[in-house]
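Colleague: I'm new to this one, so could you walk me through how the labels were earned?
Modeller: Sure, let's look at it together and take the terms one at a time.

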Amino acid sequence: MRKISVIIPCYNVSLYIDRCMSSIAGQTIGMDCLEIICIDDASTDDTWEHLQRWEQLYPDHVVLIRQEVNRRQGAARNMGVSVSSSDWISFVDADDWLEPDFFEKLYEPVTQYACDVVACEWVRDDSEVLSYMDKSRRIRGKEQYIAVDTEEVRKSLLRSGILGDGIHAKLIRRRMLVDCEIFFPEDLTYEDMYWNPLLYVYAAGVYTIKEYLYHYFVNPHATVMSRNEMYHMDWITVQMIKWADYHRRGLFKAYREEMERDVLMNAACFVKLVIFRFDDPPFSFFQLEREFIRERVSDYENNRYIEDYSELYRFFLRMLYSSINRTEFLEIVEQARKRWEIP
């Protein structure tokens, strides 16, 4: 059995998938340790042909799945987990790439510590070619193991954000994902916004490597970077799913303030998205978010974690808990754009 299943959703990534796969094929841990599962999410370019060439090169290691209908990354990742056969899972985006010792570095702690998640640092990279960092520049700090053995430690972990806010740059125990039903919303964007907090909720132990080992490609055509798209409304849908799921799992009994902190941050981030991803920010989107968050968190200032928020996010929360009309909203939008420059 392979040690690690690498799950890669692929949609119209013919320009980038070879770079991603090359960085995996060159891993110091060795291909014998890896099962690479590529899910073509109904691409309309020649992504599938590129994947087939990699399957021919590594027939014992590359598993290809082709979906006839585009279901977005959540469904593709769920499919990858369902067919995976390794004890450990790593999600890699098809336009990203890995430092050569990524898997060796992330796998080593699981042989020494009782952990369910190992995470490393990641770097934004706009390179169009496969390039690696100088090892002397990769280190950010000391490695750390946390045994999550009390409720207070869990609360501290939930607040810390130590595992990052995305799905990449991690090694995750497959059994935890399956047993705790940690899956992705399907047919929606922003699926990782639902998924990532559950790692903090259920991991019995985590290990963090303060070293840049994952290259996150700054793709101007990426879903989250696109402007004026209606699918950005999926953000609110995912928030609704998450809030209902927190209730279903009974998480508010022990971790209400921590769960509220999470959704408050999501609400502030959505306002930022509306302001900076739309040429003409839709007031209706803002209204829906305002209604959603105020129904669930009546007074955000009573949350003891509000001190964690930056000035920018406190500004957005004040907007949500005010009674501004459309004209006032647009005036505040202009103020925010002049005050903060968001790429």
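**Reasoning from value to label**

Modeller: One pocket first: the lining of the second largest pocket has 7 nonpolar, 5 polar and 5 charged residues. Keep in mind that this is a predicted model.

Colleague: Which residues lie nearest the centre of the second largest pocket?
Modeller: Those are Cys 120, Glu 121, Trp 122, Leu 163 and Gly 164, out of 17 lining residues. The volume is about 190 Å³.

Colleague: And which element gives the largest share of that lining?
Modeller: Strand 6, with 4 residues. Strand 6 and strand 9 (205-217) each supply at least two.

Colleague: Why is Ser 127 called buried?
Modeller: The cut-off for buried is under 20% relative accessible area. Ser 127 has 16%, so it counts as buried. You'll find it in the loop between strand 6 (117-125) and strand 7 (144-147).

Colleague: What is Ser 127 in contact with, leaving aside its neighbours within four places in sequence?
Modeller: Arg 19, Trp 97 and Phe 217.

Colleague: What makes Arg 138 and Glu 211 a salt bridge?
Modeller: The test asks for a side-chain nitrogen of Lys or Arg within 4 Å of a carboxyl oxygen of Asp or Glu. Here the closest N and O atoms are 2.6 Å apart, and the pair passes. Arg 138 sits in the loop between strand 6 and strand 7 while Glu 211 is in strand 9, so the bridge ties together parts 73 residues apart in sequence. Arg 138 and Glu 211 are both buried.

Colleague: How many salt bridges does a search of the whole structure find?
Modeller: It finds 26. Another one joins Asp 245 and Arg 249, with closest N and O atoms 2.5 Å apart, and both of those residues are buried too.

Colleague: How do you know that Arg 256 and Glu 260 form a salt bridge?
Modeller: Same kind of check: the N to O distance is 3.0 Å, and the limit is 4 Å. Both residues lie in helix 9, 4 residues apart, which is about one turn of the helix.

Colleague: Are Arg 256 and Glu 260 buried or partly exposed?
Modeller: They split. Arg 256 has 34% relative accessibility, so it counts as partly exposed. Glu 260 has 13%, so it counts as buried. Elsewhere, salt bridges that share partners join Glu 99, Asp 101, Lys 105, Arg 138 and Glu 211 into one network.

Colleague: What makes helix 11 mostly covered?
Modeller: Helix 11 spans residues 311-320, and 7 of its 10 residues are buried. Among them are Tyr 313, Phe 315 and Phe 316. The buried residues pack against helix 9 (252-276), helix 10 (283-296) and helix 12 (326-339).

Colleague: How many helices and strands are there in the protein chain?
Modeller: There are 12 helices and 9 strands.

Colleague: Why is the chain called as compact as a globular protein of that length?
Modeller: Its radius of gyration is 21 Å, and the globule rule gives 20 Å for 343 residues; the two are close, so the label holds. The C-alpha atoms fill a box of roughly 60 × 50 × 40 Å along the principal axes.

Colleague: And how much of the chain counts as buried?
Modeller: 56% of the 343 residues. As for contacts with a separation of 6 or more, 84% are between residues 24 or more positions apart.

Methods. Residues are numbered from 1 along each chain as its sequence is written. This is a predicted model: local features need pLDDT of at least 70, side-chain atom pairs count only at pLDDT 80 or more; totals for chains, interfaces and linings use all residues. Side-chain values use heavy atoms; hydrogens and water are left out. Buried means under 20% relative accessible area, exposed over 50%, partly exposed in between (1.4 Å probe, protein chains only). Contact means heavy atoms within 4.5 Å. On a 1 Å grid over the protein atoms alone, a cavity is a set of points where a 1.4 Å probe fits but cannot get out, and a pocket is an open set with protein on both sides within 12 Å along at least five of seven lines; lining residues have an atom within 4 Å of a point. Grid points are joined across faces, edges and corners, and a volume is the space filled by probe spheres set on the points. Ala, Val, Leu, Ile, Met, Phe, Trp, Tyr, Cys and Pro count as nonpolar, Asp, Glu, Lys and Arg as charged, and the others, Gly among them, as polar. The radius of gyration is taken over C-alpha atoms; the globule rule is 2.2 Å times the number of residues to the power 0.38.
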